[in-house]
Each structure stands twice: as C-alpha cells, then as structure tokens.
Amino acid sequence: MQGSLFPDTPTPSKLLVQRNDLVNARFGFTTLEMRLFMAMLSRIRREDTEFHEVLIPVREIIALSGRRPSRNDYDQLERMCDKITSKKLTIRTALPPRRRKRRGGDDDMGDFEKIPLMAYASYSSDHCALKVRFNDYVRDHLLQLNEGNFTQVELIQLLKLKSSHSFRIYWLLKQRGEYGERTFGVEELKSLLGLEEDYPKFSMFRIRVLKVAQRELAQTNLAFEFEERTLPGMSGVQEIRFVFTKLKGKNSLPEPGGAETPKWMEALRAIEISEASILAIGQRIELGHFDPDYVLFVISELKKRKEAGKISTLAGYVVDAIKNDYKLPEYLVRLQKRQAVRLPREKKTEPIIYFMADVRAGYEVAVKRGQTSEPFEDYLDRVYLSQGFELEKNRLGIEAVVKRD
C-alpha cells in the first residue's frame, strides 16, 4: 500500500481505463456514485483477469477533505449503495448498414445490452469502509484491455471534478482527444448522461450541465468551448459541438519524467506516493503553506531514518509528515542557517519569507516540546519581528513575515 492523505486508503492507480462502449454507455450517476465508481476503477490492475472485492474507505467517497464522516454521511452512503447495486448500464452496439432498417421500414436502434454494474456493496464498521465488487458482466469492458478500443485517463485529472456529469463529459471528450472536437445531438447527450426525463428546456440543461462541466473541466487538460447548433428546417438547439485542444494520441498520456514535471512531484512518485496525495500536496504548495523544497527535505530526512531501520514504510511516513508539518520547524531552522551563510556572499539578496501558517506550526511544535510557554504574539515578536521581519500579505491575501535588506 502506498501513502495517501488518508492513511487507510489503498493506493489508486495512475491511469483509469474503460472500453469505449462502456464510456459511451447510457447511465446516470450521482456524485457519490461516480466517486465510488472512480475509486473502484482506480484499484484495477493491468494484470487482473478477474474482479476482486476491494475496500473503499468511507472518507474517500463522502469526505474528501479529510473531515470525520457524520451520521448524515452514513445515511447518504447507505442510500447510495442501495441505488448503485440495482443500477443497470445500457450498452448499444453499432450495426452494419444493411441491418439498420427493420422489415416495417422503421429505423433499427441497434443491438443493446442492459447489464448490472455491481455484484454487491456492503459496509464494514471494523474498517470504516465499503466492501464492493464489480459484476462479472462488465469484465470485458474493464479488464485486459489491450486491443486499442479503450480510453484511459489520469486519475489526477478526475480528482479536480465535482459534478457527476462533468466526470462523464470528461470521459466522452477524452475518447476523441486526438481530434480536438466531438459533436452530440442534444437528446443523445442527455441519454448518455441519464437525463432523458430532465431539463425539457435546453436553457436549463446549458446552465446546470454544460456550463458546470465547462467550468470544472477548465481545471483539467480538457478545457473546452461548445457551440449550439440548429439544424436546417428545425427550431431550437439540436446539436452541441465540443471544441478542445487536441491531446497526443488516442490512448497516450504524459509519462513521469517530462521536462515540465517539478522535482518535488518526481520525488514523490519515485517513492510510490498516490496521485491523490500528490495533488493534495501540490494544492498546499500553491496556497503557500510551504515551498517545494520542503517536500524534498522531508523525503531526504525520512530516507535516512528508513535506512537506519527506524521506520518501516517510507511513503506513509512522508505523507504524514507533510500533512502534519512535523518536519517544518526543523526545515525552517536549516533554511535560516543556509541563508545566513549565503547572505554575506551575495551583492543583492532576496527577501526572506516565512508564511504565517509555517510560523504558527513551528510555534505549536515548540510548545508541545516544552521549548516555550509564551503566547504566539510574543513568540512572533521575539523570533521574527525583533529580528527585522515585518508582517506582509501576498496578492492572494496569505500572511507572511518578510525580512528585506
């Protein structure tokens, strides 16, 4: 098991894969159902030849922020399990032209399958997790996909989405990633999303589904624009054309080791940290909780401890240390010493910046260790303000102490 921001969460795979007929199946999921589906997909391994029962921690489905699940969360989870285990997917098969007409002259809709997605779902209070298994009827759509008729996506992209319709639209567009566009009939798209009976007015479908997906996918590698088309001789919108940047190859994805991949991310991948945890750590870096070098520092220090036999598994300890800022005071002290040595040699020095979240974390560790009992304001004044630091805010409103020459 690899590390995760939730210690009991099994490692998600980096790629999720579905056969294209499943990508284009007719079904509607709620957001919770889609999270469960995504979590199950992430646990399928390339070498699997059959489905296995998997444990999905409750917090991975209903409390992604890491908060403690509530009674209402568990009630919601039970209702979700009841619905998803009875849900069927409609998979249609395209027919040769000669078979598209029935004897009476009507259009033939084509062959179709209606198959159950789930074999079962149960809750284990001992593990605080769901025990789930895919139905064997979907085996050909999810396992041993080596013939090219499949679509794969990066889990890290899906983790940026919230709406269940955004998940589906991402998959549908990713299938045509090498073309940079895809067109659907309005009723066709509603059917794919399980919305046949919803949004009789296109304006509401645009607001509640298309605009939400456009906003959420803008945070992924599949940001899109869409055009509304009216067909000749008809009124209203009949088609939607999605336009997006072409992706490299139908089934290819950027591999680790790319020129634009940050060193801290490569270092986390090298010790098999999950993509979900890497994304969460990246968000904390963007918010200014700590700088990227802190991640490299934690990995380096904990590698020494593992080599000395003081810890058993590296990945879990690294994520825990980063999540809880255990190494931050030590890192800040080392950074100060390094800067103190470097400053006299430089003609022009950069300002020394410590984010307030890091300062407070250092104070709390010092209190726990009995190194100080003074109020935070006195600690701030003694350690920073009296040494020439000043309080400032950056353009995002994040507070920091800054020392300039």
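## A three-stranded sheet

Six bridges connect β9 with strand β10 (residues 239-244), and the two strands run antiparallel. One pairing within this ladder places Glu225 opposite Val243, its bridge partner in β10. The model in which these features are seen is a predicted one.

The two strands belong to an open sheet of three strands, ordered β8-β10-β9 and paired in antiparallel fashion. Because β8 (181-185) and β9 (224-229) each have a single partner strand, they form the edges, and one side of each is left without a neighbour in the sheet. On average, neighbouring strands of the sheet are turned by 20° against each other, direction ignored. In general, strands of a sheet pair through backbone hydrogen bonds, in either a parallel or an antiparallel manner.

## Helices packed on the sheet

Helix α7 (residues 164-175) packs on the sheet and touches β8, β9 and β10. The direction of α7 makes about 120° with that of β8. Helix α9 (residues 202-217) also packs on the sheet, where it touches β9 and β10. For α9, the angle with the direction of β9 is about 160°.

## Nonpolar cores

In soluble globular proteins, nonpolar side chains tend to be buried together. The largest nonpolar core here contains 65 residues, and Leu36, Phe134 and Phe242 have the most contacts inside it. Helix α2 (residues 31-41) supplies the largest share of this core, eight residues.

Leaving aside residues up to four places away in sequence, Phe134 touches Phe37, Met40, Leu41, Ile44, Phe51, Leu117, Met118, Ala119 and Leu142. Another core, of 39 residues, lies apart from the largest one; Leu268, Val298, Tyr363 and Tyr384 are among its members.

## Cysteines

A disulfide is a covalent bond between the sulfur atoms of two cysteines. With a cut-off of 2.5 Å between cysteine sulfur atoms, the count of disulfides in the model is zero.

Cys81 has a relative accessibility of 11% and therefore counts as buried, the limit being under 20%. Cys128, with a relative accessible area of 26%, is partly exposed.

## The chain as a whole

The secondary structure of the protein chain comprises 16 helices and 13 strands. The chain has 405 residues, of which 45% count as buried. Among contacts between residues at least 6 apart in sequence, 63% join residues at least 24 apart. The accessible surface of the protein chain is about 22,800 Å², and 48% of that surface belongs to carbon and sulfur atoms.

Terms used: Residues numbered from 1 in each chain as written. Predicted model: local features only at pLDDT ≥ 70, side-chain atom pairs only at ≥ 80, totals over all residues. Heavy atoms only, no water. Pairing = 2+ DSSP bridges. Helix = DSSP H or I, 4+ residues; strand = E, 2+ residues; numbered from the N terminus. Axes fitted to C-alpha atoms, helices over the stretch in contact; angles between N-to-C directions. Contact = heavy atoms within 4.5 Å. Core = buried A, V, L, I, M, F, W, Y, C linked by side-chain atoms within 4.5 Å. Buried < 20%, exposed > 50% of the residue type's maximum accessible area, 1.4 Å probe, protein only. Areas by Shrake-Rupley, 256 points an atom, 1.4 Å probe, with all protein chains shown as cover.
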